[in-house]
Amino acid sequence: MQGQNPRVVLISEFPVLQAGYRLAWELAKQWSQGGERIAIIDLAPAASRLPSQLTNSTDKTLERALAAQQPLWSDLAHGRGLAGHRAHHPGAIDLIAQTSGSFPTAEQLLRIYEQLLRSVGGPGRTVRADGPAWSTLILLSEIHGLPLDQACWQSADEILLVLPPSGVDPTQAGSVLEARLAAQNSGQRRLAL
């Protein structure tokens with residue numbers, strides 16, 4: 001995988017992630033069967049519900065991923081920063097989610113997201129000399145809220161917007177999505193589900 005950049009898929013929905021967690025897991029499972037290394041990263045700065053939303057399963061791959069879950073950020077000598085993440089063997093799915101801890105400050109959170117993008121490489125991101133740790137990253141972010149993770153939205157190769165069965169007009173969803181993104185990324189694919 002040397003010289004390649006990971007594909008970054010961002011999943012979001014209204015008003016909070018309900019189906020997004022399961023969609024992320026099912027996509028990761030499918031892609032990992034082809035030997036890809038996948039990381040599912042919840043961009044929530046604290047109190048991530050990702051593990052609890054996935055626990056009611058007898059899936060052995062999920063059990064291993066939950067047991068090896070890694071935090072998004074950690075307390076460092078100079079404040080909160082991106083935690084050191086590592087990939088498991090090929091074909092594995094890694095979960096990165098901050099389930100505990102108090103919220104970082106806005107400045108710390110911006111730095112954490114910038115460090116995340118630099119650490120994974122890819123379009124608009126710093127390329128790692130040793131190649132990416134994962135072939136695909138699935139980022140989870142709510143459509144509403146303070147857009148501190150805007151850099152992650154901008155650098156995503158694909159954005160999947162999960163619409164509720166009723167209540168959100170697709171045109172309204174498109175408007176909200178455009179407002180969430182500062183500029184048009186010509187290579188970015190966007191899909192409303």
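## A walk from Val9 to Arg80

Let us start inside the fold: setting aside residues up to four places away in sequence, Val9 touches Trp31, Leu137, Ile138, Leu139, Glu158 and Leu160. Please keep in mind that this is a predicted model. Val9 belongs to strand β1, which covers residues 7–13. Is Val9 buried or exposed? Its relative accessibility is 1%, and because buried means under 20%, Val9 counts as buried. Ile40 is 31 residues away from Val9 in sequence, yet their C-alpha atoms are 9.5 Å apart in space.

**The chain as a whole**

Stepping back, you will find six helices and eight strands in the chain. Their order along the sequence is β-α-β-α-α-β-β-β-α-β-α-β-α-β. Of the 193 residues, 47% are buried. Among contacts with a separation of 6 or more, 78% link residues 24 or more positions apart.

**Helix α1 and Trp31**

Trp31, one of the residues touched by Val9, is also among the buried residues of helix α1. This helix runs over residues 19–32 and has 14 residues. From its first C-alpha to its last it reaches 20 Å, close to the 20 Å expected at 1.5 Å a residue. Which residues of α1 are buried? They are Gly20, Tyr21, Ala24, Trp25, Leu27, Ala28, Trp31 and Ser32. Viewed down the helix axis, these buried residues fall within an arc of 170°, so they line one face of α1. As a general reminder, an α-helix has 3.6 residues a turn, so residues three or four places apart point the same way.

Trp31 has another partner to look at: the charged end of Arg7 sits over its ring, 4.0 Å from the ring centre. As for pairs between aromatic rings, the structure holds zero.

**Arg80 and its partners**

Now turn to strand β4, residues 79–82, where Arg80 has its place. With a relative accessibility of 17%, Arg80 counts as buried. Its side chain makes polar contacts with the side chains listed here.

| Side-chain pair | Polar contact |
|---|---|
| Arg80 and Asp75 | 3.2 Å |
| Arg80 and Ser102 | 2.8 Å |

Asp75 and Ser102 also appear in the wider set of residues in contact with Arg80. Neighbours within four places in sequence left aside, that set is Trp73, Ser74, Asp75, Ser102, Phe103, Pro104, Gln108, Arg111 and Ile112.

To recap, Val9 in β1 and Arg80 in β4 are handy starting points for exploring the model: Val9 counts as buried at 1% relative accessibility, and Arg80 counts as buried at 17%.

How values were computed: Residues are numbered from 1 along each chain as its sequence is written. This is a predicted model: local features need pLDDT of at least 70, side-chain atom pairs count only at pLDDT 80 or more; totals for chains, interfaces and linings use all residues. Side-chain values use heavy atoms; hydrogens and water are left out. Rings of Phe, Tyr and Trp (its six-membered ring) pair if their centres lie within 6.5 Å; planes under 30 degrees apart count as stacked, over 60 as edge-to-face and the rest as tilted. A charge sits over a ring if NZ of Lys or CZ of Arg is within 6 Å of the ring centre and within 35 degrees of the ring normal. Helices (H or I, at least four residues) and strands (E, at least two) are DSSP runs, numbered from the N terminus. The expected span of a helix is 1.5 Å times one less than its number of residues. Buried means under 20% relative accessible area, exposed over 50%, partly exposed in between (1.4 Å probe, protein chains only). The arc is that of the directions from the helix axis to the C-beta atoms. A polar contact is a pair of N or O atoms within 3.5 Å; within protein, one must be able to donate a hydrogen and the other to accept it, and residues adjacent in sequence count only if both atoms are side-chain atoms. Contact means heavy atoms within 4.5 Å.
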